[in-house]
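Student: I would like a close look at one part of this chain, the sheets and what lies against them. Please take me through it step by step.

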Amino acid sequence: MDIQTSFARANEVADETCANIRTVRSFANESRECARYSERLNDTYKLHIRKALLFGSFTFAEHAFDLVLFVLTLYYGGHLVMAHKMTGGNLVSFFLYVNRLRGSMEKLTIQVYAKLMEAVGTCQKVIEYIDREPEVKRGGRLAPWKLEGHIEFRNVWMSYPSRQRVPVLKDVSFQVSPGEVVALVGPSGSGKSTCVNLLERFYETTSGQVLLDGNPIMAYDHKFLHRKVALVGQEPVLFARSIKDNISYALDNCSLEEVQRVARQANAHEFITELPEGYETGTGEKGIQLSGGQKQRVAIARALIRKPAVLLLDEATSALDAESEQLVQQATQNLRGQTVIVVAHRLSTVEKADRIIVIDKGMVVEQGRHDQLILHSGSTYAISFLTHKLAGITK
Ligand SMILES: Nc1ncnc2c1ncn2[C@@H]1O[C@H](COP(=O)(O)OP(=O)(O)OP(=O)(O)O)[C@@H](O)[C@H]1O
């Protein structure tokens with residue numbers, strides 16, 4: 001069991017390093033990562049040595065005991081033969097039987113039992129994973145035929161499980177009407193993405209409720225919810241398959257026409273058709289073969305194909321080149337018809353939103369349209385806007 005755990009710990013380092021090889025390279029940190037891996041493997045090596053020593057000692061003791069038993073039996077048997085209480089043939093037969101019995105016992109103990117214990121150790125880990133209860137339950141069954149897209153945060157308090165004592169959202173309440181485009185703005189770390197995480201049901205609230213069309217979000221069926229509430233993350237992850245398969249991800253029987261329709265809406269069609277294999281072009285692991293802006297547009301198409309009632313956009317904070325940024329912006333402006341919540345980092349997005357919700361230190365401090373908030377002297381939004389300090393919205 002200890003060996004399996006230490007081996008798993010060593011593999012964690014290898015996995016992490018290989019998955020982030022570009023970062024490792026760009027910091028020229030290959031040798032340190034190698035050293036970290038060797039260090040962890042060294043723990044496994046020490047455990048293997050301990051196991052070998054124990055096994056060696058056990059085998060030595062077993063053979064020594066065998067030898068002593070053999071000598072004693074020979075001595076006593078010889079004595080009985082000399083005293084004519086036993087024939088030589090019987091003594092030899094006795095030895096042959098004992099040998100056979102010993103061989104079988106040895107197989108049973110050393111080979112079967114040891115292997116069984118090894119398997120139990122490995123299985124324990126697998127069973128531990130199988131038996132793990134997810135903290136966020138997926139038992140909801142609600143799947144109405146129509147979803148309007150009305151969202152309400154009602155007195156929501158939330159702490160992440162790893163930092164339960166630190167509330168990230170503090171009594172957050174706001175509503176978003178169906179079809180409304182709302183921009184969440186606020187300084188870095190104020191809790192904007194956490195609101196999105198709650199709508200995606202990645203975490204549960206500590207208290208208060210997140211309601212969708214008046215029903216707690218936890219009451220909805222897992223598949224239904226994620227079809228109706230689509231997310232385009234800050235750094236969207238694509239899979240190592242064709243662009244078409246990435247756009248139609250997790251959907252069955254999507255026609256190429258449908259994929260092309262949403263790609264056009266997401267401003268992605270043009271660049272895709274210019275690729276050597278068009279929609280069949282592979283994107284590489286995590287979409288590495290596409291640029292940041294292209295990845296985002298494919299991710300927008302992936303969200304749109306589900307015809308969601310609610311679209312969650314976490315705008316990229318990283319700088320895209322001007323053309324990509326404009327194309328992504330245009331794509332997001334095409335998204336009328338559904339409720340849109342956008343974690344906004346650009347002034348152009350904020351200005352076009354129907355309403356702006358300003359979050360600061362986990363609390364909603366202001367709400368309103370850009371032109372209303374900007375005129376409100378003393379408002380956090382106006383001050384931050386004017387002094388260009390509000391994270392992200394200064395672009
Ligand atoms: N998985 C997590 N576990 C623990 N704490 C977290 C986790 N994710 C975020 N936090 C903390 O929660 C707070 C709010 O983070 P959040 O990502 O919601 O901020 P944000 O307003 O979206 O920031 P940004 O604009 O920089 O993306 C931060 O203090 C952050 O450190």
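Tutor: Two strands are counted as paired here if DSSP finds at least two bridges between them. In general, strands of a sheet pair through backbone hydrogen bonds, in either the parallel or the antiparallel sense. The model is a predicted one.

With that rule, one open sheet has 6 strands in the order 6-7-8-3-9-10, and its pairing is mixed. At its edges stand strand 6 (229–232) and strand 10 (363–368); each has a single partner strand, so one side of each is left without a neighbour in the sheet. From one strand to the next, the twist averages 20°.

Inside that order, strand 3 (residues 181–185) pairs with strand 8 (residues 339–343) in the parallel sense, over 4 bridges. To find this pairing in the view, start from Leu-184, whose bridge partner in strand 8 is Val-343. Towards the strand 6 edge, helix 10 (residues 292–304) lies across strand 6 and strand 7 (310–314). The direction of helix 10 is at about 180° to that of strand 6.

The other sheet to look at is also open, with 4 strands in the order 2-1-4-5 and antiparallel pairing. Strand 2 (167–176) and strand 5 (215–216) are its edge strands, and because each has a single partner strand, one side of each has no neighbour in the sheet. Strand 2 is joined to strand 1 (residues 151–159) by antiparallel pairing over 6 bridges. One position to check there is Ser-159, which stands opposite Pro-167 in strand 2.

This 4-strand sheet also has a helix across it: helix 5 (residues 192–199) lies over strand 1, strand 2 and strand 4 (207–212). Helix 5 runs at about 110° to strand 1.

Helix 5 leads on to the ligand, since the largest share of the shell around the ligand, 3 residues, comes from this helix. The shell has 14 residues, and those that come nearest to the ligand are Tyr-160, Ser-188, Lys-192, Ser-193 and Thr-194. By residue class, the shell divides into 4 nonpolar, 8 polar and 2 charged.

For contrast with the sheets, turn to the start of the chain. An unreviewed UniProt entry places the feature "domain: ABC transmembrane type-1" at residues 1–109. Over that stretch the chain is 91% helix and 0% strand. The C-alpha atoms at the two ends of residues 1–109 are 19 Å apart.

Notes. Residues are numbered from 1 along each chain as its sequence is written. This is a predicted model: local features need pLDDT of at least 70, side-chain atom pairs count only at pLDDT 80 or more; totals for chains, interfaces and linings use all residues. Two residues are in contact if their C-beta atoms, placed from the backbone, lie within 7 Å. Axes are lines fitted to C-alpha atoms, for helices over the stretch in contact, and angles run from 0 to 180 degrees between N-to-C directions. A residue is near a molecule or strand if its C-beta atom, placed from the backbone, lies within 6 Å of it. Ala, Val, Leu, Ile, Met, Phe, Trp, Tyr, Cys and Pro count as nonpolar, Asp, Glu, Lys and Arg as charged, and the others, Gly among them, as polar. UniProt positions are given in the numbering used here, feature names are shortened, and annotations may be inferred rather than shown by experiment.
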